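User: I am a first-year student, and I would like a close look at one residue and its surroundings. Could you then go on to a few other places and finish with the chain as a whole?

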Amino acid sequence: FPIPVAMAARRAALQVTVCAAAVALALCAAGIGATPAARGAGCRKHVRRVTEYGAVGDGRTLNTKAFVRAVADLGRRAGDGGAALVVPAGRWLTGPFNLTSHFTLFLHRGAEILASQDLDDWPLIAPLPSYGRGRDEPGPRYSNFIGGSNLTDVIISGYNGTINGQGQVWWDKFHAKQLDYTRGYLLELLYSRDIIISNVTFVDAPSWNLHPTYCTNVTISGVTILAPVHSPNTDGIDPDSSSHVKIEDCYIVSGDDCIAVKSGWDEYGIRFNMPSQHIVVRRLTCISPTSAMIALGSEMSGGIQDVRVEDNIAINTESAVRIKSGVGRGGFVRDVFVRRLSLHTMKWVFWMTGNYGQHPDNSSDPKALPEVTGINYRDVFAENVTMAGRMEGIPNDPYTGICMSNVTAQLAPKAKKLQWNCTDVQGVAYGVSPEPCPELGAEGKPCTFPEEELVIGPPELPKCTY
């Protein structure tokens, strides 16, 4: 079918949906059309403003104690209908703080939570067990800005308020090699379940933005993530050793991968043995000139499986759905299903990397070879493309079961003469232009996509008046 026409129709329908949701949310924020009895699941019995705990929204007063005190107080109400901490309009400077269970962090229009730029306000915490050390540097790592562990039923939402990591100081020190420890992430939840993140803007993270790790049943919807396109490692959303994750209707501008699915690093990820699985990414818009719209890896040593990607748009982005692995990673990437991509100005449409470096202890087990198989791409339209495919598996460990169907890559004026570079890969193609390399040239048929939808999160997002 004509992909551009289908995408235009989808965008028009999405605009109507978003506008309707915005109207409903505006009414809700004004206290119209939603009574406590009608609001339903996810709305909290106990509601407090951060100002009740002494916070001052002038952009200068440090409010760490107020946020910590508020969460501790509201955490005591978890068993009695849950609690919401409301952040009104203003600029609320704070150091890192943690969330609690049965809890909503609600940001009103014009609310901006600002991360302290004083590194002394960021305590050190232990590295993740599936990584064994900090991602940037050995040893511990700086705290995440907003965190939490072993939580249930957490919502971060509002009327598109902002969580601002003020990351420039971190990026400057990273580039100057002045950091002794790994940068913290803007939001990291560990060992948690039933998470909703919606209608919030995240900007200028020190490093990765949203990092659900060892989590299950996570919904990330209607989120905007912004970072300068050359800021270091500012991944948008990184589900890590997490299961049943739904990412939809998000807009990401990033200095790294817009979305990166991960599951631990080399021997530590192999030992921890917790895959990322049952993941849905749909209706994403991504801009990332130096990285991927969606990456699988490179830290994938606990395994990645059952990833479903559909109806996504990438603009001025290096590659679409990229697989990143290498000798020493172990683990697997399998059962990946991609359909209906609209890609505009790409370096590569398809990119698989079997020689990705960066090992935690500057060493790796040469016998720890990844299994990459069952990768399906269908209904892909790309324009202004430099090269259709760079497909690099691993010698004596080829990437197998690759399927491409109904793919059109329209070349840029200065496109490379060689459009496919394939080594150590095996697959089939059906209706692919330009004609793929011989390794993928066996005549196939339309690639598969699971018919049964994954059930993740609530049927609709909570509509609450705070």
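Analyst: **One residue and its surroundings**

Setting aside residues up to four places away in sequence, N233 touches F174, R183, S207, W208 and D256. The model is a predicted one, and every value below is computed from it.

Along the chain, N233 sits in the loop that runs between strand β18, residues 224-226, and strand β19. One of its listed partners, D256, also meets it through side chains, since a polar contact of 3.4 Å joins the side chains of N233 and D256. That distance can be set against the cut-off, because a pair of N or O atoms has to lie within 3.5 Å to be called a polar contact. Another pairing can be described by the backbone: N233 and S291 are separated by 58 residues in sequence, while their C-alpha atoms are 9.8 Å apart in space.

Is N233 buried, exposed or partly exposed? Its relative accessibility is 25%, and N233 therefore counts as partly exposed, because the label covers values between the buried limit of under 20% and the exposed limit of over 50%.

The strand that follows this loop, β19, covers residues 243-248 and contains H244. H244 has a phi near 55°, which is a positive value in a residue other than glycine, and with a relative accessible area of 25% it is partly exposed. N150 likewise has a phi near 55°, again positive in a residue that is not glycine; N150 belongs to the loop between β10 (146-149) and β11 (152-158), and its relative accessibility of 58% is why N150 counts as exposed.

For buried residues, S301 is a useful place to turn, and it is found in the loop between β24, residues 292-296, and β25, residues 304-317. S301 has a relative accessibility of 4% and so counts as buried. Once its neighbours within four places in sequence are left aside, S301 is in contact with S263, G264, W265, D266, G269, I270, R329, G330 and G331. With R329 there is a short distance that can be stated exactly: a polar atom of the S301 side chain lies 2.6 Å from the backbone oxygen of R329.

The loop between β24 and β25 also holds S298, and the peptide bond leading from G297 to S298 is cis, with omega near 5°. A cis peptide bond is found between S433 and P434 as well, where omega is about 0°, and P434 has its place in the loop between β31 (425-433) and β32 (442-443).

Two residues in strands can be read in the same way. S221 is in strand β17, which spans residues 216-221, and it counts as buried because its relative accessibility is 7%. Not counting residues up to four places away in sequence, S221 touches I197, S198, N199, E248, C250 and L461. For E248 there is a backbone distance too, since S221 and E248 are 27 residues apart in sequence but 5.0 Å apart from C-alpha to C-alpha. T162 is found in strand β12, residues 162-164, and its relative accessibility of 18% is why T162 counts as buried. Apart from neighbours within four places in sequence, T162 is in contact with L107, A111, E112, I113, T201 and V203.

It remains to set these places within the whole chain. Its secondary structure comes to five helices and 32 strands. The radius of gyration of the chain is 22 Å, close to the 23 Å that the globule rule gives for 466 residues, so the chain is as compact as a globular protein of that length. Taken along the principal axes, the C-alpha atoms fill a box of roughly 65 × 50 × 40 Å.

How much of the chain is made up of buried residues? They account for 58% of the 466 residues, and S221 and S301 have both been described above as buried. Contacts that reach across the sequence can be counted as well: among those between residues at least 6 apart in sequence, 79% join residues that are at least 24 apart.

On the outside, the chain exposes about 18,000 Å², and 53% of this area is supplied by carbon and sulfur atoms. As for charge, the chain has 42 positive and 46 negative side chains, with the centres of the two sets lying 4 Å apart.

Definitions and conventions
Residues are numbered from 1 along each chain as its sequence is written. This is a predicted model: local features need pLDDT of at least 70, side-chain atom pairs count only at pLDDT 80 or more; totals for chains, interfaces and linings use all residues. Side-chain values use heavy atoms; hydrogens and water are left out. Helices (H or I, at least four residues) and strands (E, at least two) are DSSP runs, numbered from the N terminus. Buried means under 20% relative accessible area, exposed over 50%, partly exposed in between (1.4 Å probe, protein chains only). A polar contact is a pair of N or O atoms within 3.5 Å; within protein, one must be able to donate a hydrogen and the other to accept it, and residues adjacent in sequence count only if both atoms are side-chain atoms. Contact means heavy atoms within 4.5 Å. The radius of gyration is taken over C-alpha atoms; the globule rule is 2.2 Å times the number of residues to the power 0.38. Accessible areas come from the Shrake-Rupley method with a 1.4 Å probe; for residues, only the protein chains shown count as cover. Lys and Arg count as positive and Asp and Glu as negative; His and the chain ends are not counted. The place of a charge is taken as NZ of Lys, CZ of Arg, CG of Asp or CD of Glu.
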